Amino acid sequence: MADTQQADPKAEREAARLAKQISSFSKAHGGAEGQVAYLGERGARIVLVGEDGNWGDLVAPSYEIAEKAVAKSGITRHESFDGEFAAKVKTGRYEWSRMAGIQVGGPKNS
């Protein structure tokens, strides 16, 4: 029996839009890898790490749309944000001061 399930046009457009953003990030950073994390009712987070160590993220309205967007973009997808993948992320002074500020009661305004 043939699969009669119709693709949701809105979901397809959203996946295509996200795939375009992922591809653009990849092109700007010499390639990219990604990981999809489930956020519950909010959808899914797509974490991107460029070959140059820069990173970014996008939020998709569902896990399925996030998976489809990553697949369409053609980047390597990791199942988890493990140590090897995380080690590719380059952080700067801003990130370190922000993380330290959160640990000791928030960023200081000085």
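The exercises below deal with the strands and the overall layout of a predicted model.

**Exercise 1.** State how many helices and strands the protein chain has, and give their order from the N terminus.

*Solution.* Begin with the count: the secondary structure comes to four helices and four strands. Next, read the elements from the N terminus on; they run α-β-β-β-α-β-α-α.

**Exercise 2.** Find the strands that are joined to strand 1 by bridges, and give the direction of each pairing.

*Solution.* Step one: locate strand 1, which spans residues 32-38. Step two: take strand 2, residues 44-50, which is joined to strand 1 by seven bridges, and the two run antiparallel. One pair to look up here is Ala37, whose bridge partner in strand 2 is Arg45. Step three: take strand 4, residues 76-78, which is linked to strand 1 by three bridges, and these two run parallel. In this pairing, Gly34 stands opposite Arg77 of strand 4.

**Exercise 3.** Describe the connection between strand 1 and strand 2.

*Solution.* The two strands form a hairpin, and five residues lie between them. Then look at the turn: Gly40 there has a positive phi of about 80°.

**Exercise 4.** Is strand 1 mostly covered or mostly uncovered? Give also the share of buried residues in the protein chain.

*Solution.* A residue is counted as buried under 20% relative accessible area. In strand 1, five of the seven residues are buried, so by this cut-off the strand is mostly covered. For the protein chain of 110 residues, the buried share is 34%. The chain exposes about 7800 Å², of which carbon and sulfur atoms supply 51%.

Note on methods. Residues are numbered from 1 along each chain as its sequence is written. This is a predicted model: local features need pLDDT of at least 70, side-chain atom pairs count only at pLDDT 80 or more; totals for chains, interfaces and linings use all residues. Side-chain values use heavy atoms; hydrogens and water are left out. Buried means under 20% relative accessible area, exposed over 50%, partly exposed in between (1.4 Å probe, protein chains only). Two strands pair if DSSP finds at least two bridges between them. Accessible areas come from the Shrake-Rupley method with a 1.4 Å probe; for residues, only the protein chains shown count as cover.
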